[in-house]
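Let's take a friendly walk through this fold, starting with its sheet and ending with its cysteines. Please keep the 3D view open as you read.

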Amino acid sequence: MLRLVLYQPDIPQNTGTMLRMAACLGLAVEIVEPAGFDVSDRHLRRSGLDYLDHVAITRHRSFSAFEAWRAEAGLRLVLATTAGALPHTAFGFRPDDCIMVGRESAGVPDAVHAVSDARVVVPIRPGLRSLNVAVAAAMITGEALRQTGGFEADPGKPAR
């Protein structure tokens, strides 16, 4: 299953938006703590509304704990970054990739860049800094789902 990884999120509303998106698109979510706000179920429910019952969320107490889990699972880390080397549309995603977005205020530290298996960027117009993290996450995970067949209709449901 494709996973969206939130590295120490700062803004609860952005986190709620990404959790709702993950629920709707069938993505698992990994939250790497510490976050800039309380990520208890009660606080996540406020930002994620009733969608939290439809998304698998795993909290990792630190990046090193996440890395240990990821290494054990043998999963590839794809970092979404403004310092990315490759446009997200040119990257070959796999169905079990971990797509990480950084903190709204600071991205991720160099140590995270160093262990990432790939670094992708959403190309934007020159002179502008970056997209909102939830928008970038939606664009990149959407492309990953498109490439891996994640948008194909469920054969048990009629097409709309």
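Two strands count as paired if DSSP finds at least two bridges between them. This is a predicted model, and in it seven strands form an open sheet with parallel pairing, in the order β3-β2-β1-β6-β4-β7-β5. The edge strands are β3 (57–60) and β5, each of which pairs on one side only.

**Strand pairs**

Some of the pairings can be followed bridge by bridge. β4 and β6 run parallel and are joined by three bridges, with L79 standing opposite M100 in β6. Three bridges also link β4 to β7, again in the parallel sense; here V78 faces A118 in β7. Out at the edge, β5 (residues 86–87) pairs with β7 in parallel over two bridges, and P87 stands opposite V121 in β7. The table collects these pairs.

| Strand pair | Bridges | Opposite residues |
|---|---|---|
| β4 and β6 | three | L79 and M100 |
| β4 and β7 | three | V78 and A118 |
| β5 and β7 | two | P87 and V121 |

V78 and L79 bring up a general point: in a regular strand, side chains alternate between the two faces of the sheet.

**Helix α5**

Now to a helix. Is the span of α5 what its number of residues would suggest? Helix α5 covers residues 133–148, and its 16 residues at 1.5 Å a residue should span 22 Å; the end C-alpha atoms are 22 Å apart, so the two values agree.

Both ends have something to look at. At the N-terminal end, N132 acts as a cap, with a side-chain oxygen 2.7 Å from the backbone nitrogen of A134. Just after the helix, G149 adopts a positive phi of about 80 degrees.

The buried residues of α5 include V133, A137, I140, E143 and L145. Which elements do the buried residues of α5 pack against? They are β1 (3–7), α1 (12–25), β4 (77–80), β6 (98–101) and β7 (118–121).

**Cysteines**

What does a search for disulfides return? Across the whole structure, zero are found. Two cysteines show contrasting surroundings: C24 is exposed, with a relative accessible area of 53%, because the cut-off for exposed is over 50%. C98, at 0% relative accessibility, is buried, since buried means under 20%.

Terms used. Residues are numbered from 1 along each chain as its sequence is written. This is a predicted model: local features need pLDDT of at least 70, side-chain atom pairs count only at pLDDT 80 or more; totals for chains, interfaces and linings use all residues. Side-chain values use heavy atoms; hydrogens and water are left out. A disulfide is a pair of cysteine sulfur atoms within 2.5 Å. Buried means under 20% relative accessible area, exposed over 50%, partly exposed in between (1.4 Å probe, protein chains only). Helices (H or I, at least four residues) and strands (E, at least two) are DSSP runs, numbered from the N terminus. The expected span of a helix is 1.5 Å times one less than its number of residues. Contact means heavy atoms within 4.5 Å. A polar contact is a pair of N or O atoms within 3.5 Å; within protein, one must be able to donate a hydrogen and the other to accept it, and residues adjacent in sequence count only if both atoms are side-chain atoms.
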